[in-house]
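This briefing covers side-chain contacts and internal space in one structure, grouped by topic. Please read it alongside the sequence and the model shown below.

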Amino acid sequence: MIIGSHVSMSAPEFVEGAVKEALCYDATALMLYTGAPQNTRRKPIEELHIEEAASLMKAHGIPMEHMIIHAPYIINPANSVKPEVMEIARTFLVEEVKRTASIGARYLVLHPGSYTSTDLQTGITTAIQQLNAIDSELVDDVVICLETMAGKGSEIGFRMEQLAEILEGLNSPEKFGVCLDTCHMHDAGYDITEFDGILDEFDHLIGLSRLHVIHLNDSKNPCGARKDRHENIGFGRIGFEALHRVAINPRVAHIPKILETPWVKGSAPYKTELAQLRSGRFDKHILEELGHE
């Protein structure tokens, strides 16, 4: 099972430390930000312990393709209201793509963005224009994966048709793919208990060959709430059985699955959650003993 979680990247070991954290969870995949997701401050590539991280992953049989990079939240390709925000989105996304390539990762997950005070179609059109504007500056070895969203506020990309429209409008579609988030799709109105049906629809609208990452999260909300509130595996409205079926589905066996579930009383629950997903047995008392309410 190719599965792991979001991990931190902090001084002094940075990427190497992120790999060590993932290994502590018995993970075979991991996801990290190259810096704080709320700002553009970034450490020089030379300080990130990239070679040490690559050696550590190789020693444990984890391919670099299983290290996922997440773009910061401040990149909003769908914003057409503020020119200065549009410029930041373009320039910083290019920088993040290049950093992803320097780290040796292949997939960069990106939120499609929010249309703010305009409308949904304007947001979709703007995202297409923004992504095409940086086409010549992108790196062939990195695939930008547009994430399925929950549809809160003015988000775009909460229906597969919207992502399909964006992808169809791109000049270099081979440089883009999709990250499917189970919590987001549930909150957007998709029934995760019918995951094969979701994959069938995805294949029809977008193509399964363009699905590269899965965020495996439970949800605090009823289906269709459009709120985006993650919950620990088995404690939410999707439930352990449905998420376990996603984790073991042979059609996505080759795709890294990443947990972004909440910490419990200040501690990461990932080792427990990953072990339960691997075994197929859910015991809520384990996390309750750690403090989950």
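**Salt bridges, a cavity and aromatic pairs**

Glu96 and Arg99 are both buried, and their side chains meet in a salt bridge with a distance of 3.7 Å from N to O. The model is a predicted one, and in it 13 salt bridges are found, together with 4 aromatic pairs and 1 cavity of 30 Å³ or more.

**Salt bridges within helices**

- The partners Glu96 and Arg99 both belong to helix α3, which spans residues 83-103, and they are 3 residues apart, about one turn of the helix.
- A salt bridge also joins Glu16 to Lys20, where the closest N and O atoms are 3.7 Å apart; both residues lie in helix α1 (residues 15-24), with a separation of 4 residues, about one turn of the helix.
- Glu16 has a relative accessibility of 13% and therefore counts as buried, the cut-off for that class being under 20%, whereas Lys20, at 34% relative accessibility, counts as partly exposed.
- The contact between Glu16 and Lys20 is part of a network of salt bridges in which Glu13 is linked as well.

**A salt bridge between distant parts of the chain**

- Asp228 and Lys152 meet through their side chains in a salt bridge, at 3.5 Å from N to O.
- This pair links distant parts of the chain, 76 residues apart, since Asp228 is located in the loop between β8 (218-219) and β9 (230-231) and Lys152 in the loop between β5 (143-147) and α5 (160-168).
- Lys152 counts as partly exposed, its relative accessibility being 34%.

**The cavity and a charge over a ring**

- A search of the whole structure gives 1 cavity of 30 Å³ or more, and the volume of the largest cavity is about 30 Å³.
- The residues that line the largest cavity are Thr148, Met149, Gly157, Phe158, Arg159, Met160, Met185 and Tyr190, a lining that comprises 5 nonpolar, 2 polar and 1 charged residues.
- Phe158, one of these lining residues, also has the charged end of Arg226 over its ring, at 4.2 Å from the ring centre.

**Aromatic pairs**

- A pair of aromatic rings is described by two quantities, the distance of the centres and the angle of the planes.
- Of the 4 aromatic pairs in the structure, one is formed by Tyr25 and Tyr270, whose ring centres are 5.4 Å apart and whose planes stand at 70°, so that the pair is edge-to-face.
- The pair of Tyr25 and Tyr270 links distant parts of the chain, with Tyr25 in the loop between α1 and β2 (29-32) and Tyr270 in helix α9 (residues 270-279), 245 residues apart.
- Tyr25 counts as buried at 11% relative accessibility, and Tyr270 is likewise buried, with a relative accessible area of 3%.
- Phe235 and Phe282 form another aromatic pair, also edge-to-face, at 5.7 Å centre to centre and with 85° between the planes.
- Because Phe235 lies in the loop between β9 and α8 (240-248) and Phe282 in the loop between α9 and α10 (284-290), their pairing ties together parts that are 47 residues apart in sequence.
- Phe282 counts as partly exposed, with 30% relative accessibility.
- Ring pairs bring Phe240 together with Phe235 and Phe282 in a cluster.

Notes
Residues numbered from 1 in each chain as written. Predicted model: local features only at pLDDT ≥ 70, side-chain atom pairs only at ≥ 80, totals over all residues. Heavy atoms only, no water. Salt bridge = Lys/Arg side-chain N within 4 Å of Asp/Glu carboxyl O. Helix = DSSP H or I, 4+ residues; strand = E, 2+ residues; numbered from the N terminus. Buried < 20%, exposed > 50% of the residue type's maximum accessible area, 1.4 Å probe, protein only. 1 Å grid on protein atoms, 1.4 Å probe; cavity = no way out; pocket = protein on both sides within 12 Å on 5 of 7 lines; lining within 4 Å. Points joined across faces, edges and corners; volume = space filled by probe spheres on them. Nonpolar A, V, L, I, M, F, W, Y, C, P; charged D, E, K, R; others polar. Phe/Tyr/Trp six-rings, centres within 6.5 Å; stacked < 30°, edge-to-face > 60°. Lys NZ or Arg CZ within 6 Å of the ring centre and 35° of its normal.
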